[in-house]
Every structure is written in structure tokens, then in C-alpha cells.
Amino acid sequence: MSCEFRVGERVQITLPVIGTVRYIGKTEFGSDDWVGVELDDPMGKHDGSVRNNRYFTCPPCHGLFVRPKSVITLQKRDS
């Protein structure tokens, strides 16, 4: 998967909420690629685990999976 962001990068989700990318890739719950984001505020749906599969770790209600097109990078990274 080719993305404009990386795991660990600060991003905005188009909801709009702010968080940090914690996972990029395939999941057991959906087709295609997903981005797992640890949100700054407890506005998420989980703690990085979905249907007994752990994709990343974060506090309860801080985890959210979105499609890559819903992610906007907040900071520029060095090439």
C-alpha cells in the first residue's frame, strides 16, 4: 500500500478529529487497506482491538479505523 503518511505521524481525520497513525494495512473486518488511528480525545470506538484481533494499543474509546482517503497529514516530514 502506498500512502502519504506513516505509522507514528500526526493526522487529522475528516470528521474532524486529530490523532496519530498506529496501523496501516489489511484487517480481518474489511476488505482493502485501513488506517488505525489513536485519537487525542475519547471519540473512538475501541482500544485498537476489533473482533478479538489486536491491531494496535491505545486507551479505551481512543481507537478508530478509517479509509486512507479520510486521513490528512498535519506535519511535513523530511524526505
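Start with the whole chain in view: from one end of the sequence to the other, the pattern is β-β-β-β-β-β-β. That amounts to 7 strands and 0 helices. The radius of gyration is 12 Å, close to the 12 Å that the globule rule gives for 79 residues, so the protein is as compact as a globular protein of that length. Keep in mind that this is a predicted model.

Stay with the full view and turn it along its principal axes. The C-alpha atoms fill a box of roughly 35 × 25 × 20 Å. Show the surface next: about 5000 Å² is exposed, and carbon and sulfur atoms supply 46% of that area. Of the 79 residues, 41% are buried.

Now colour the charged side chains. There are 11 positive and 10 negative ones, and the centres of the two sets lie 3 Å apart.

If your viewer can draw contacts, look at those between residues at least 6 apart in sequence; 42% of them join residues at least 24 apart.

**Strand S1**

Select residues 10-13, which form strand S1. Which residues make up the covered face of this strand, and which the uncovered one? Val11 and Ile13 are on the covered face, while Arg10 and Gln12 are on the uncovered face. In a regular strand the side chains alternate between the two faces of the sheet.

**The partners of S1**

Add residues 17-25, strand S2. S1 and S2 run antiparallel and are joined by 4 bridges. Follow the backbone from S1 to S2 and you pass through a hairpin of 3 residues. To see one pairing in detail, select Val11 together with Gly19 of S2, which stands opposite.

Next add residues 71-73, strand S7. How many bridges join S7 to S1? There are 3, and these two strands also run antiparallel. Pick Gln12 in S1 and look across to Ile72, its bridge partner in S7.

**Arg22**

Finish in strand S2 by selecting Arg22. Is Arg22 buried, exposed or partly exposed? Its relative accessible area is 34%. Buried means under 20% and exposed means over 50%, so a value in between counts as partly exposed, and Arg22 is partly exposed.

Leaving aside residues up to four places away in sequence, show what Arg22 touches: Val7, Gly8, Gly36, Val37, Glu38 and Phe56. For a last step, draw a distance from the C-alpha atom of Arg22 to that of Arg10. These two residues are 12 residues apart along the chain, and their C-alpha atoms are separated by 9.8 Å.

Conventions
Residues numbered from 1 in each chain as written. Predicted model: local features only at pLDDT ≥ 70, side-chain atom pairs only at ≥ 80, totals over all residues. Heavy atoms only, no water. Rg over C-alpha atoms; globule rule 2.2 N^0.38 Å. Buried < 20%, exposed > 50% of the residue type's maximum accessible area, 1.4 Å probe, protein only. Contact = heavy atoms within 4.5 Å. Areas by Shrake-Rupley, 256 points an atom, 1.4 Å probe, with all protein chains shown as cover. Lys, Arg positive; Asp, Glu negative; His and termini not counted. Charge placed at Lys NZ, Arg CZ, Asp CG, Glu CD. Pairing = 2+ DSSP bridges.
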